[in-house]
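Work through the exercises below with the sequence and the model open. Each task is followed by a stepwise solution.

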Amino acid sequence: VWRCNDAWYCAAFALRQRRWRRGRHVRLPPGHMGIPFFGETAALSWYFKVARRPDGFIEARKKRYGEGVGMYRSHLFGRPTIIVCDPAANKFVLQSHDNFWLRWPARDLLGLSSMFNVEGSMHRRIRGYVVATFSKPRSRRNIARMAQPCVVEALRSWADKGTIIAAKEIRKVMFESTLEIFISMKASPLTEKMDKWFVGVLGGLTALPLDLPGTALNHGRKCRRRLHAVFEKELQKRKNNVKWGLAAEEDYDDDLMSGLMEMEDEQGEKLSDEEVLDNIVSLVFGGYESISSAVLWAAYHLAKSPVILAKLRNENAAVSEGKSSNFLTLDDIPKMKYTAKVVEEAIRLANIAPMVHRVAYRDVEYGGYTIPQGWQVVVWLRAMHIDAKYYQDPLIFNPDRWNEPPMAGTNQLFGAGNRTCAGNMLARLQITIMLHHLSLGYEWELLNPDAGVKYIPQPMPVDGAPMAFHRLSTSTQ
Ligand code: HEM
């Protein structure tokens, strides 16, 4: 069955090409299609979940078929797939916007008019609104102002507890501060439910395409509808307030939902309600998991690297010197050069965005192989960021490596091309804020520094990184 399945795909490809290309020699990249329907998904899961060596999946292919141009055929998540895992090939796919489109397996989970789901001029239009909203100095100032009270309060409560499960606490505070920034929503039992619903959506996105009662996809769709209802209620409340000239219950003027609702393009056009909602849901979704993971890994590596932590503390203390409050302002950020390197290094070493997906819109040739139309393309970003060819001693946490820019094309932490992370500025800002308050006011110690790492849905220590957490004796927090 295993051999026949691969042969079947190769024969179907060859027949189709012969008809269209009149004898021109074209071929699929090396690799194997695995067993029918399930393909090699089980092998991939095994490397991620059991062996806990995610790049082992790629290494096995390199060993078996050679490095070549860094492309392999496979069958993953229910679809024929080309895996791309070389800086140049990755860049080729991510920058060939006309050839490769983004297709999430269950598009409705993120919202059909979400930036993640639209292409071409529609994508440019919506991305324009989102990026403009994020980059307005007023928005950035407000993000810094709105995120900090939440963070400061959470850190105090951790110190009161004395011991924390870092993954759980960091995720909670990053979710709360993200909701605060996006829709001025304060922590409540509802926000706890929303966190669970986002987890359900994530489960649906990575599940097999089976929508039956009890499946992850079915559950994900239910969670998506519940989230949509919460955000829709909030949006309607704001619209009614404007319509009837009512004073708002909360001061939400400066949050990102208002920014998106008000933003106009050059023709004076605004986003529709559905576009605002789909994008808010997917931005919160895209944002908080990744930021939580980056903060967790920064705290983890800093706990193991006292010299780096001391340098970070010195810089952050210098920034706060002479100020009446420890709150960061936007003007402080450019001065925090070492902190910026710590942020970058934490994101690199944790490999927060391990891979991204595309679909070939037409047959595309690269390096003597054809990526067939309609096939899924998995761009494997993670291996490059921990490859000794591009990053010296790649598994060492060393913020100083960012004193020099990495080799051209080998930094794809936030992707490449027209879909480069739209929230990278927001991510860096939120992580910087967290590190500022952590390093200035607290000390922490890993209680199980040798715990293994799990990689799904985000890389994190298996035990969630329990830590002893205390206020510094010099703290003014
Ligand atoms: C450390 C944190 C983060 C990392 C490593 C990261 C990484 C990435 C990567 C690799 C992509 C490219 C996806 C692709 O090419 O298909 C991406 C896209 C995106 N990210 Fe992030 N991201 C982070 C945080 C955030 C945050 C905080 C937000 C927003 C709140 C965000 C919003 C987005 C959006 C909207 C896109 C899609 C852009 C488009 O399609 O035009 N990300 N991110």
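**Exercise 1. A hairpin and its neighbour**

How many bridges join strand E1 to strand E2, and do the two run parallel or antiparallel? Then trace the pairing onward from E2.

Solution.
- Step 1. The model is predicted. Find E1 at residues 71-76 and E2 at residues 79-84.
- Step 2. Six bridges join E1 to E2, and the two strands run antiparallel.
- Step 3. Check the register: Ser74 is opposite Thr81 in E2.
- Step 4. Look at the link. E1 and E2 form a hairpin with two residues between them. In the turn, Phe77 has a positive phi of about 50 degrees.
- Step 5. Move on to strand E8 (residues 376-380). E2 pairs with E8 over four bridges, in the parallel sense. Thr81 has Gln376 as its bridge partner in E8.

Strands of a sheet pair through backbone hydrogen bonds, either parallel or antiparallel.

**Exercise 2. The open sheet**

Establish the strand order of the three-stranded open sheet, then place the helices that pack on it.

Solution.
- Step 1. The order is E4-E12-E9, with antiparallel pairing.
- Step 2. Strand E4 (163-165) and strand E9 (442-446) are the edges, as each pairs on one side only.
- Step 3. From one strand to the next, the twist averages 35 degrees.
- Step 4. Take the E4 pairing. Three bridges join E4 to E12 (residues 466-471), and these strands run antiparallel. Ile164 has Met467 in E12 as its bridge partner.
- Step 5. Add helix H6 (residues 137-161). H6 packs on the sheet and touches E4, E9 and E12. The direction of H6 makes about 105 degrees with that of E12.
- Step 6. Add helix H7 (residues 166-183). H7 lies across E4 and E12, at about 75 degrees to E4.

**Exercise 3. The ligand shell**

Which residues are closest to the ligand, and which element gives the most to the shell?

Solution.
- Step 1. The ligand is surrounded by 24 residues. The closest are Gly287, Ala353, Gly415, Cys421 and Gly423.
- Step 2. Helix H11 (273-304) and helix H15 (424-441) are the elements that give two or more residues to the shell.
- Step 3. H11 gives the most, with six residues.
- Step 4. Sort the shell by class: 17 nonpolar, five polar and two charged residues.

**Exercise 4. Helix H15**

Compare the span of H15 with the expected value, then decide how covered H15 is.

Solution.
- Step 1. H15 has 18 residues and reaches 26 Å from its first C-alpha to its last.
- Step 2. That is close to the 26 Å expected at 1.5 Å a residue.
- Step 3. H15 is mostly covered, with 15 of its 18 residues buried.

Key
Residues numbered from 1 in each chain as written. Predicted model: local features only at pLDDT ≥ 70, side-chain atom pairs only at ≥ 80, totals over all residues. Near = placed C-beta within 6 Å. Nonpolar A, V, L, I, M, F, W, Y, C, P; charged D, E, K, R; others polar. Pairing = 2+ DSSP bridges. Axes fitted to C-alpha atoms, helices over the stretch in contact; angles between N-to-C directions. Contact = placed C-beta atoms within 7 Å. Expected span 1.5 Å × (residues − 1). Buried ≥ 20, exposed ≤ 12 C-beta atoms within 10 Å, placed from the backbone.
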